[in-house]
Amino acid sequence: MKITVIGGGPGGLYFSILTKKAMPHCEINVYERNKPEDSFGFGVVFSDETLGEFLKRDMQSYELIRSKFAYWDDIIVARDGEQVSIAGNGFCGCSRKTLLKLLHQRCEEEGVKLHFEYNVDDLSQFNDSDIIVAADGIASAIRTQFQEEFGTNIQLKSNRFVWMGSTKPLDAFTYFFRTTPFGTIVAHTYQYEEGMSTWIFECTNDTWEKLQFQVENETDTVSKLSEIFKDELDGHPLITNKSHWRQFPHVTNKNWYHNNIVLLGDAKATAHFSIGSGTKLAMDCAIGLFDALMMHPNNVQNAFNQYNETRRNAVEMIQYAATVSLDWFENMNRYTHFPFNQFSFGCMTRSKKVTYENLRLRDQSYTDKVLKEFNQINNNQTKAAAFSTFKMRNLQLPNRIVMSAMGQYAANDGLVNNWHFQHYTSRAIGGLGLIITEMTAIEPNGRITLGCAGIYNEEQITEWKKITDFIHENSSSKIAIQLGHSGRKGAVKKPWEGVNEPLNDAWELKSASAIAFNNKMAVPKEMSVNDMQNTINLFVKAAKNAEKAGFDMIELQAHHGFLLASFLSPLTNLRTDEFGGSIQNRLKFPLQVFNAIRENFPIEKPISVRISAADWATNGISPEDVLFIASEFKKAGADIINVSTGNTVENQNPKMGRMWQVPFADMIRNTIDIPTITAGSITDIDQINTIILSGKADLVALGKPLLLDPYFVRKAQAYEQIAINDVPNQYQKGIENLYSTTISERKQTERMKKALKPKSNKK
């Protein structure tokens with residue numbers, strides 16, 4: 001077999017070493033356009049886990065790398081002179097030039113042929129090659145030549161960064177944040193060999209422009225950064241090496257191979273440097289390509305397909321984590337007002353791969369500092385942030401875990417019954433801080449289905465009051481009612497009878513504009529001004545009824561494409577009058593509804609507004625629109641914004657995943673300065689604690705986890721060993737058994753996690 005590798009970076013070299021070692025008869029040629037001693041950049045970073053994989057694959061490479069690297073166990077986060085150290089991380093730095101030199105040595109030892117100063121423009125010279133590995137970097141000429149076949153997409157991220165070095169010695173991987181009058185600049189720094197460290201400076205484009213940096217003016221860049229970071233550099237110089245300001249290119253490819261050409265390294269996929277080096281990703285993929293070739297040594301296409309199947313998910317997960325991490329740095333100016341430990345915790349947990357519990361197992365002294373600061377600021381004394389109190393107006397929640405509004409579709413003529421009684425009261429006994437009812441219609445034609453609850457007559461008030469009275473008498477939970485109107489999404493069958501299937505005898509629908517939700521449902525009537533006033537009157541009546549029924553709080557439904565939300569989104573509001581067009585006009589009617597409710601609900605009781613912060617569809621609502629909406633509701637007296645996304649239109653394409661809607665709550669909370677509720681694939685107490693401690697949201701709403709586990713909160717309290725005093729007398733005897741069993745299981749799990757931690761590679 002003949003293999004041609006284009007690009008002499010670490011990924012291509014490591015693949016060549018592994019393959020030649022396993023298949024000595026194979027002819028492998030590596031072509032590199034630069035000289036062997038050339039290297040751009042300074043250091044590279046590997047984790048203990050990655051080093052462990054090197055150890056298994058090629059002992060000689062591992063020992064050579066290990067003999068030259070600088071190892072550290074700590075990460076330091078520093079901001080304007082304050083700093084905190086977090087232990088237990090396990091990373092090493094190595095000079096990129098040294099790494100290449102060591103890999104060159106291993107290639108020569110195994111018989112790989114290296115060709116330097118050889119620029120490849122024409123692949124026809126390699127027609128006799130069985131495999132061509134395109135490992136020629138971010139600006140890959142081969143990938144560009146076949147970009148349609150590979151399905152290449154390159155997105156330049158907004159932040160600016162510049163890569164430099166320094167002689168400043170560092171004991172740990174350190175994030176140095178410096179606040180300037182024009183915004184924050186961060187230096188990602190680490191030592192990679194004795195007397196040399198990498199310094200990657202990053203800032204928003206706005207900060208970069210205000211500081212008047214120039215892309216290729218190294219002298220000016222060094223002068224300005226040396227002054228801003230003079231305390232951190234401590235007299236040591238910054239060193240340049242083609243240190244030009246850049247924007248990070250996020251590279252993806254739908255296809256990783258075409259004919260006998262396969263992509264590797266940055267040519268294939270990039271991940272922002274804030275979660276590790278591209279070198280690590282390239283070498284991991286080199287291992288993946290090698291493994292695939294070993295499984296299919298006689299069938300190149302099968303090998304390529306195996307490579308794609310085994311590595312794509314891992315690469316996409318890393319890219320996703322890197323994108324989430326980069327998003328934090330792109331918005332770091334949001335967090336400069338945070339107390340220092342909270343700021344550092346947000347930095348450490350930014351990618352969602354690291355949580356409070358991960359950090360506690362690594363370095364409890366650090367998480368103790370974070371929790372202590374949180375308790376001091378919030379006037380709490382709790383072992384877990386989720387179980388701190390939270391106050392809105394005169395309403396104090398016993399904890400920060402909320403039950404999201406979930407349709408039960410079990411009412412008759414809008415009347416709640418025994419099903420609803422057990423549904424809500426069992427979760428209250430289960431210890432939730434706040435229960436939000438299913439969307440409760442303000443009129444019969446405001447229901448989504450015939451099974452939806454209402455609060456538009458006296459009998460409904462009476463039945464709701466039975467539920468609220470029981471909750472208040474037998475638990476410390478609070479209960480809010482979500483008031484809403486289905487709009488164009490009404491008059492459909494219950495979900496288990498057919499999703500968005502219209503009723504045979506459907507009532508007239510109404511909406512901001514005459515646009516049907518789908519081709520099966522009726523076209524709604526575009527609301528007139530009289531229709532709007534009548535609807536406002538119905539909301540006012542419902543608010544008064546909510547007070548009669550004993551609710552602690554109201555949530556206004558303005559999300560998921562229902563009536564009020566249909567005014568907010570440009571996809572569903574095509575009006576040309578004063579209620580359409582600009583976001584100011586589109587918000588006018590929902591704001592009128594809110595104001596009317598606020599005027600007719602006791603001033604000491606809070607009101608939440610639930611909105612969709614994204615439509616997940618082309619030309620949908622913008623972040624600027626969302627921030628304006630939240631800001632105006634705040635001015636009108638909203639106490640908290642419950643942040644959801646999507647379900648505005650049927651042809652949506654949401655990007656779902658773990659804690660996937662948290663960034664939207666974070667954006668609103670930390671831009672508008674209003675409390676938020678977040679939701680979306682949040683499944684355990686560790687995630688809840690992490691979200692709250694990092695300042696991304698104030699309350700966390702759960703849906704599906706509570707459907708079959710009404711005692712989620714009690715189990716979490718036992719897990720965190722929270723002293724409880726609101727369990728009814730009839731259930732008191734269950735506390736000791738639950739707590740002892742849970743803490744035993746937790747200790748066992750923690751022992752397993754510690755045992756599975758990658759072995760330290762410290763010399």
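Mentor: Two strands count as paired if DSSP finds at least two bridges between them. In this predicted model, an open sheet of three strands has the order β3-β7-β4, with antiparallel pairing.

Trainee: How do you know that β3 and β7 pair?

Mentor: Five bridges join β3 (residues 43-47) to β7 (residues 91-95). The cut-off is at least two bridges, so β3 and β7 are a pair. The two strands run antiparallel, and valine 45 stands opposite glycine 93 of β7.

Trainee: What makes β3 and β4 edge strands of the sheet β3-β7-β4?

Mentor: Within the order β3-β7-β4, β3 and β4 (70-72) each have a single partner strand, so one side of each lacks a neighbour in the sheet. Neighbouring strands here are turned by 25° against each other on average, direction ignored.

Trainee: Why is β3 called largely enclosed?

Mentor: Buried means under 20% relative accessible area. Five of the five residues of β3 are buried, so the rest of the structure largely encloses this strand. Both faces are covered: Gly43, Val45 and Ser47 are buried on one side, Val44 and Phe46 on the other.

Trainee: Which helices lie across β3?

Mentor: Helix α2 (residues 48-57) lies across β3, β4 and β7, at about 85° to β3. Helix α4 lies across β3 and β7, at about 80° to β7. Angles of 65 to 115 degrees count as roughly perpendicular, so α2 is roughly perpendicular to β3, and α4 is roughly perpendicular to β7.

Trainee: Why is α3 called roughly antiparallel to α4?

Mentor: Helix α3 (residues 59-66) packs against α4 (residues 96-110) at an angle of about 150°, with the axes 10 Å apart. An angle over 145 degrees counts as roughly antiparallel, so α3 and α4 earn that term. The contact is made by Gln60, Ser61, Leu64 and Ile65 of α3, and by Leu99, Leu102, Leu103, Gln105 and Arg106 of α4. By class, this contact has five nonpolar, three polar and one charged residues.

Trainee: Glutamate 117 and methionine 659 have positive phi values. Is each of these residues buried or exposed?

Mentor: Glutamate 117, with phi near 50°, lies in the loop between β8 and β9. Its relative accessible area is 55%, and the cut-off is over 50%, so glutamate 117 is exposed. Methionine 659, with phi near 55°, is in the loop between β27 and α22. Its relative accessibility is 5%, which is under 20%, so methionine 659 is buried.

Definitions and conventions:
Residues numbered from 1 in each chain as written. Predicted model: local features only at pLDDT ≥ 70, side-chain atom pairs only at ≥ 80, totals over all residues. Heavy atoms only, no water. Axes fitted to C-alpha atoms, helices over the stretch in contact; angles between N-to-C directions. Helix = DSSP H or I, 4+ residues; strand = E, 2+ residues; numbered from the N terminus. Parallel < 35°, antiparallel > 145°, perpendicular 65-115°, else oblique. Contact = heavy atoms within 4.5 Å. Nonpolar A, V, L, I, M, F, W, Y, C, P; charged D, E, K, R; others polar. Buried < 20%, exposed > 50% of the residue type's maximum accessible area, 1.4 Å probe, protein only.
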